[in-house]
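Visitor: Please take me through one part of this model with some care, namely the salt bridges and the surroundings of the residues that form them.

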Amino acid sequence: MASSSSTQAPNTAAPPPPASQSPRYICIECTYPVASLYTAYSSADDRQLGRGVRLTQCPRCRRFADKYVEHDFVVLFIDLVLIKPQVYRHLLFNRLGKVDDSLDPSIIRLGILLLLFDVYLTWVRIEKVLATEVGGAGSAVMLSHPIVIQYLFFLILCLTESVVFHFTIRLLAKYILGFKRPNAVSTALLVSSCTKLFPILMVIWKYDVPAAARSVGWAVVVNNVEALRILLGSDYFHAGGLAAAGAIVRSLASRAILRSVGLWRGGGWVWEDVSWGEWVGLVGLAK
């Protein structure tokens with residue numbers, strides 16, 4: 001059986017695969033459907049070391065269909081930071097994509113990890129701002145509560161922001177672009193938000209937190225847009241519009257929660273990744 005799947009294709013333009021094969025993978029270079037990503041011809045233990053595996057060659061572009069099969073998480077993370085389309089295709093279609101559109105357990109764990117990071121970083125930044133506002137009403141309300149109450153508040157804040165952000169983009173992708181795999185959208189958003197893990201370096205090194213937060217916020221924005229573009233097969237304008245709509249709804253939800261506890265100040269709120277004006281500028285550049 002293995003020998004038949006490794007038969008070399010003729011050196012002509014690759015015909016479309018038969019409908020009966022229902023290929024579930026794609027070539028990360030040219031997006032051509034392929035039936036498998038590799039052929040194992042030795043023990044499974046060798047696969048972790050890159051031995052005993054023969055990568056599938058794409059019938060169309062003649063390159064390896066998915067070179068990331070042999071790469072570890074460090075290489076994947078670096079290429080995610082570099083916003084390489086190939087690594088997004090590997091993760092969203094060949095590794096984490098499910099036929100039944102269910103969430104991979106690793107994505108659920110990643111979502112919990114990102115939420116906990118958001119809670120910690122948002123808490124630190126808001127306290128830093130409140131510390132500079134002596135006698136502020138928000139400071140008197142928040143810092144006087146027990147630490148458990150404060151943690152629960154920031155947990156609810158970050159969870160609400162994340163839920164409305166994902167829900168908005170999932171709905172728009174379904175009713176505007178006709179994309180009927182909502183969990184795949186959430187997978188793309190979570191995978192492309194790995195850059196949020198960088199601010200944990202503030203535990204080791206002291207640096208300008210607001211400037212670093214804005215830089216990380218922009219990096220997450222760009223990665224979100226690229227992931228949505230690749231997953232939905234759309235252009236940058238539509239992908240940027242979806243991400244911007246999600247950010248606006250998330251900001252409104254954050255504003256309502258912060259106002260309810262007295263943390264709304266003047267014309268803005270204490271914590272915000274990217275302002276509305278910057279989002280409008282991003283969408284305008286994507287046209």
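Guide: A salt bridge here is a side-chain nitrogen of Lys or Arg within 4 Å of a carboxyl oxygen of Asp or Glu. In this structure, which is a predicted model, there are 5 salt bridges, and the following account takes up some of them in turn.

Arg 63 and Glu 29 are joined through their side chains, with an N to O distance of 3.6 Å, and this pair counts as a salt bridge because the cut-off is 4 Å. The two partners belong to distant parts of the chain, 34 residues apart: Glu 29 sits in the loop between β1 (25–26) and β2 (33–34), while Arg 63 sits in the loop between β4 (53–55) and α2 (73–81). As for solvent exposure, Arg 63 has a relative accessibility of 44% and is therefore classed as partly exposed.

A further salt bridge connects Asp 79 with Lys 84, where the closest N and O atoms are 3.6 Å apart. Asp 79 is counted as buried because its relative accessible area is 9%, under the 20% limit for that class, whereas Lys 84, at 33%, is partly exposed.

The side chains of Asp 104 and Lys 98 also meet in a salt bridge, with 3.3 Å from N to O. Here the acidic partner, Asp 104, has a relative accessible area of 13% and is therefore buried, while Lys 98 is partly exposed, with a relative accessible area of 30%.

Methods. Residues are numbered from 1 along each chain as its sequence is written. This is a predicted model: local features need pLDDT of at least 70, side-chain atom pairs count only at pLDDT 80 or more; totals for chains, interfaces and linings use all residues. Side-chain values use heavy atoms; hydrogens and water are left out. Helices (H or I, at least four residues) and strands (E, at least two) are DSSP runs, numbered from the N terminus. Buried means under 20% relative accessible area, exposed over 50%, partly exposed in between (1.4 Å probe, protein chains only).
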